[in-house]
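Please open the model in your viewer and keep the selection tool at hand. The tour below goes from stop to stop, telling you what to select next and what you will find there.

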Amino acid sequence: MSRFLSARLQALAPYVPGEQPKVKLIKLNTNESPFPPAPGVKEAVAEAADSLQLYNDLSAAKLIKLLAETYGLQDNQITVSNGSDEILAFAFQAFGGSGLAFPDITYGFYPVWAELYGLDAKIIPLTEDFSIDISDYQGNDRCIVIANPNAPTGKALPLSAIQEIAEKNPDQVVIVDEAYVDFGADSALALLPEYDNVLVIRTFSKSRQLAGARLGFAMGSATLIDDLNRVRFSFHPYNVNTLTQAAGAAALMQPDYFEACRSAIMETREWTAQQLLSLGFTVLDSKTNFLFASAPGISGAAYQKALRERNILVRYFDMPRTKNFTRITIGTKAQMEALIQATKEILP
Ligand SMILES: *Cc1c(COP(=O)(O)O)cnc(C)c1O
């Protein structure tokens, strides 16, 4: 820390990303897809590279049109971003003026953005079994942020619960972070025609095989999207580069590949959950591409370390309520078989 850093940022604890190893490990720690990008992505990126001397299309017209067709919306109900982290940060700035409310156990970036932008955060504990109690979110006087399904728990709320939160907070924006929704949860997209306060945020990182391309998007009423674009145009209008726009568009043109990848991951998730249960684990019900599980007779930290020694990376969150748990990304069937084999060796 230099002596020049703004006083306000001196106490900021930045988000700590999962390890990105340089050697070949079985990487089950940051919820990426184990499958390669969709057919056609590589060619589309190569073709787009021919025009890299020019600035990118800041309206991302082709990509937004494809997203609008995919999700049954108008073009002006969508905006895109450099990963969904960026659009979440824009949404916090745009709608968090009177503060934010989110769970104690959720995406670790939320408290960091609140701190960075000087927004007051009301942290609401999950219930004993790691659920969101929607009665905690009624009649709030602040912007609500719900990851649905939640991370790192993997648990999802039904559409009716999100609807009730939107209904009970008509004067606040309800941000629904749907990073994992493609793995079996209900989407709040169905609420958009009726609720002008619902903002849905998605990413290409988890279910569309493009984490390294950095592409996220927001969907909501045209006026909410316009607000987000105000922030975007006050910060960095060219936020989604030419190569990423091409990669995203090409991925959207392969719906069969998308379906095949997400079904394979859901199937492997169920297989892995059964295996862990039969080994005596506690496994939360997951609607994501990961499992949040507690190993019998060994702490989350020790299990993670023992797996690391066997070249398998998983994620452990060192907080009092999660210290017995480990978050395990669902990889290929072969990777999960290796995880189960290693786990049998590790368990006391
Ligand atoms: C991974 C993740 C994101 C961020 O995704 P990017 O698009 O890669 O920035 C946002 N929210 C949650 C809950 C996530 O798990």
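A pocket, as the word is used here, is an open set of points on a 1 Å grid over the protein atoms alone, with protein on both sides within 12 Å along at least five of seven lines, and its volume is the space filled by probe spheres set on the points. Please keep in mind throughout that this is a predicted model.

**First stop: a pocket of about 290 Å³**

Begin with the second largest pocket, which holds about 290 Å³ of space. To see its lining, select Lys-24, Leu-25, Ile-26, Lys-27, Leu-28, Glu-32, Ser-33 and Pro-34, and then add Thr-329, Ile-330, Gly-331 and Gln-335. If you colour the lining of this second largest pocket by class, you should find five nonpolar, four polar and three charged residues.

**Second stop: the largest pocket**

Move on to the largest pocket, whose volume is about 1,000 Å³. Its lining is made of 43 residues, and a good way in is to select the ones closest to its centre, namely Tyr-15, Val-16, Pro-17, Tyr-107 and Arg-315. Next, highlight α4 (83–95), β3 (100–103) and α5 (109–116), each of which supplies at least two residues of the lining of the largest pocket. Coloured by class, the lining of the largest pocket shows 24 nonpolar, ten polar and nine charged residues.

**Third stop: the two domains**

Which domains give residues to the lining of the largest pocket? At least three residues come from each of domain 1 (7–36 + 256–346) and domain 2 (41–253), so giving the two domains separate colours is a helpful next step, the chain being divided into these two parts. The centres of domain 1 and domain 2, taken over C-alpha atoms, are separated by 24 Å. The contact between them takes 32 residues from domain 1 and 34 residues from domain 2.

**Fourth stop: the sheet**

Now show the chain as a cartoon and look for an open sheet of seven strands, which follow the order β2-β8-β7-β6-β5-β3-β4 with mixed pairing. At its edges you will find β2 (78–81) and β4 (121–124), each of which pairs on one side only. Direction ignored, neighbouring strands of this sheet are turned by 20° against each other on average.

Select strand β7 (residues 198–203) together with strand β8 (residues 216–219), which run antiparallel and are joined by four bridges. In this pair of strands, Val-200 stands opposite Met-219 in β8. Then add helix α3 (residues 61–71), which packs on the sheet where it touches β2, β7 and β8, and whose direction makes about 125° with that of β2. Helix α7 (residues 222–232) also packs on the sheet and touches β2, β7 and β8, but the direction of α7 makes about 30° with that of β2.

**Fifth stop: a cavity**

How many cavities of 30 Å³ or more are there? The count comes to one, and about 40 Å³ of space lies in the largest cavity. Select Ala-38, Arg-208, Gln-209, Ala-251, Gln-254, Tyr-257 and Phe-258 to display the lining of this cavity, which divides into four nonpolar, two polar and one charged.

**Last stop: Arg-262**

Finish by selecting Arg-262, whose place is in helix α9 (residues 255–278). Leaving aside neighbours within four places in sequence, Arg-262 is in contact with Asp-182 and Phe-183. If you then draw a distance from the C-alpha atom of Arg-262 to that of Thr-288, 26 residues apart along the chain, the separation is 9.8 Å.

Technical notes: Residues numbered from 1 in each chain as written. Predicted model: local features only at pLDDT ≥ 70, side-chain atom pairs only at ≥ 80, totals over all residues. Heavy atoms only, no water. 1 Å grid on protein atoms, 1.4 Å probe; cavity = no way out; pocket = protein on both sides within 12 Å on 5 of 7 lines; lining within 4 Å. Nonpolar A, V, L, I, M, F, W, Y, C, P; charged D, E, K, R; others polar. Pairing = 2+ DSSP bridges. Axes fitted to C-alpha atoms, helices over the stretch in contact; angles between N-to-C directions. Contact = heavy atoms within 4.5 Å.
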